[in-house]
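Colleague: I'd like to learn how to read salt bridges in a model. Could you walk me through some cases?

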Amino acid sequence: MSTRPRRRTSTRRRRVVRTVLTTLVALALVAAGLGGVVVWQNSYDLREETVTVRHGGRTLHGVLALPEEGEGPFPLVVFVHGDGPVDATHDGFYRPMWESFARAGYASLSWSKPGVAGAPGDWLDQTMEDRAREAVDAIAWARQRPDVDADRIGLWGASQAGWVLPAIAARDGRIRFAVAVSPAVNWHRQGRYHLLAELRRDGASDAEVAAALRRRETVLELLERGAGHAEYVRTVGDPQGMTAARWRFVSRNHTADATAGLPALRGIPVLLVLAGHDVNVDTAETESAYRRLLPAPHLRVAHYPDATHALLRHEVETDPLRLTLTALCAPRSLFAAGFLSDQRRFLADVDTYG
C-alpha cells in the first residue's frame with residue numbers, strides 16, 4: 001500500500017494540532033489579559049479597613065474606606081442601605097462610589113445589616129427607627145476616631161433609606177449633609193406605584209391589574225388589623241416570598257411616611273437623586289415632597305433619565321449578560337452617566353453650599 005496518503009493525513013493532523021494549540025494559546029492569552037483587566041478594573045484608589053463598631057450596646061460589622069493618601073481627619077459619608085440583606089460593600093456595588101468620594105477627600109463608612117455576612121442579629125426584626133438608632137450609634141463611634149472629622153459627617157442612603165435618613169438627622173443635630181438616592185416617601189403609595197409599574201412593564205391585562213389591586217387591598221386590611229402570617233397565608237394564598245419573618249417586618253414598617261420627618265433635613269445641603277426608569281419609587285411624588293418640605297437653596301435635584309432605581313444604566317441592567325460582563329470588567333460603567341461625578345462635586349461643594 002502506498003504511504004503517500006498516510007503522509008498527507010499525518011501532515012493534516014499536525015496542522016490541525018498546531019492550529020488547536022495556537023488557538024488554545026491565544027485563548028489563554030486573551031483569558032489572562034481579561035483576567036488582568038478584571039483585576040485592574042476592580043482595584044480602587046482607596047484604603048479599606050474592616051471595622052467592628054461597638055457603641056450603645058450594638059455590634060456592627062463594617063468597612064471604613066479612606067482616601068488613598070493622608071492621615072485625615074477626613075469628612076465622612078455614612079451609608080444607609082435600602083431594603084434586603086445587604087452586606088457592608090453591597091457585594092462590591094458601593095466601591096466605585098467610595099472611590100469617587102475618596103477623590104473628593106471623603107471617607108465612607110458602611111456596615112452589614114444584622115444577620116448578614118456573619119453580623120449578629122436579624123435585619124427583619126428592625127423598624128425604620130431601629131435602623132436610625134443603629135446609624136446614630138455608628139456615627140458616634142466614628143466621631144471618636146482621629147482620622148474622622150467629627151464635624152463633617154453626612155449621610156448617603158438609597159430607596160428604603162428615605163425613611164431612615166430624616167430619622168437620623170432628627171436624632172443627631174450635627175449631620176452636615178445628605179444624599180438621597182431614589183428615596184421612598186410613603187410605604188403604601190410606593191407599594192401601589194411599584195405594583196402597577198411592574199404590571200405595566202410585564203404587559204398585564206386590565207383583568208390582571210384589577211385582580212392584583214384587589215389582592216393588595218386585602219393585604220392592607222390584614223396589616224391594619226395586625227393579622228399574623230398564618231392568617232395572611234390562609235387569606236391570600238400563595239405567599240410569593242412573604243415569609244413569616246418578612247411579614248413581621250412589613251407589619252412593623254408599613255405605616256412609614258417620610259413627610260413628617262423630612263423637615264429634620266432643613267438647613268443642610270441635600271442632594272436628591274432620581275432615575276428615569278424607576279419602577280420602585282414614584283419619583284414625581286418624591287420630588288414634589290422634597291421640594292415642598294426642603295426649600296431652596298439647600299436642596300439640589302439631579303435627574304438621570306436613563307437610570308434604573310439602583311442608578312444603573314437601564315440598557316445594562318435589563319440585559320443580564322451585559323450586566324454581568326460590565327460588573328466584572330468595568331464596574332464604574334454600571335452607573336448612569338454623571339452619577340458618580342455629580343455626587344463627588346456635591347461633596348466638594350458642601351462647605352460652600354449656600
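Colleague: Let me start with one side chain: does Glu 99 count as buried or exposed?

Modeller: Keep in mind that this is a predicted model. Glu 99 counts as buried, because its relative accessibility is 2%, below the 20% cut-off.

Colleague: Which side chain does Glu 99 meet in a salt bridge?

Modeller: Its partner is Arg 103, at 3.4 Å from N to O. Arg 103 is exposed, with a relative accessible area of 51%. Both residues sit in helix α2 (residues 95-103), and because they are four residues apart, about one helical turn separates them.

Colleague: Which residues are linked with Glu 99 and Arg 103 in a network of salt bridges?

Modeller: Asp 45 and Arg 332 join Glu 99 and Arg 103 in that network. The structure as a whole holds 25 salt bridges.

Colleague: Now for pairs across the sequence. Where does Arg 152 lie, and where is Asp 351?

Modeller: First the contact: the side chains of Arg 152 and Asp 351 meet in a salt bridge at 2.7 Å, N to O. Arg 152 is in strand β5 and Asp 351 in the segment after α12 (339-349), so the salt bridge ties together parts 199 residues apart in sequence. Arg 152 is partly exposed at 25% relative accessibility, and Asp 351 is partly exposed at 45%.

Colleague: And what does Glu 49 form with Arg 145?

Modeller: A salt bridge, with the closest N and O atoms 3.0 Å apart. This pair links distant parts of the chain, 96 residues apart: Glu 49 is in strand β1 (residues 46-55), and Arg 145 is in the loop between α3 (128-143) and β5 (148-158). Glu 49 is partly exposed at 31%, whereas Arg 145 is buried at 17%.

Methods: Residues numbered from 1 in each chain as written. Predicted model: local features only at pLDDT ≥ 70, side-chain atom pairs only at ≥ 80, totals over all residues. Heavy atoms only, no water. Salt bridge = Lys/Arg side-chain N within 4 Å of Asp/Glu carboxyl O. Helix = DSSP H or I, 4+ residues; strand = E, 2+ residues; numbered from the N terminus. Buried < 20%, exposed > 50% of the residue type's maximum accessible area, 1.4 Å probe, protein only.
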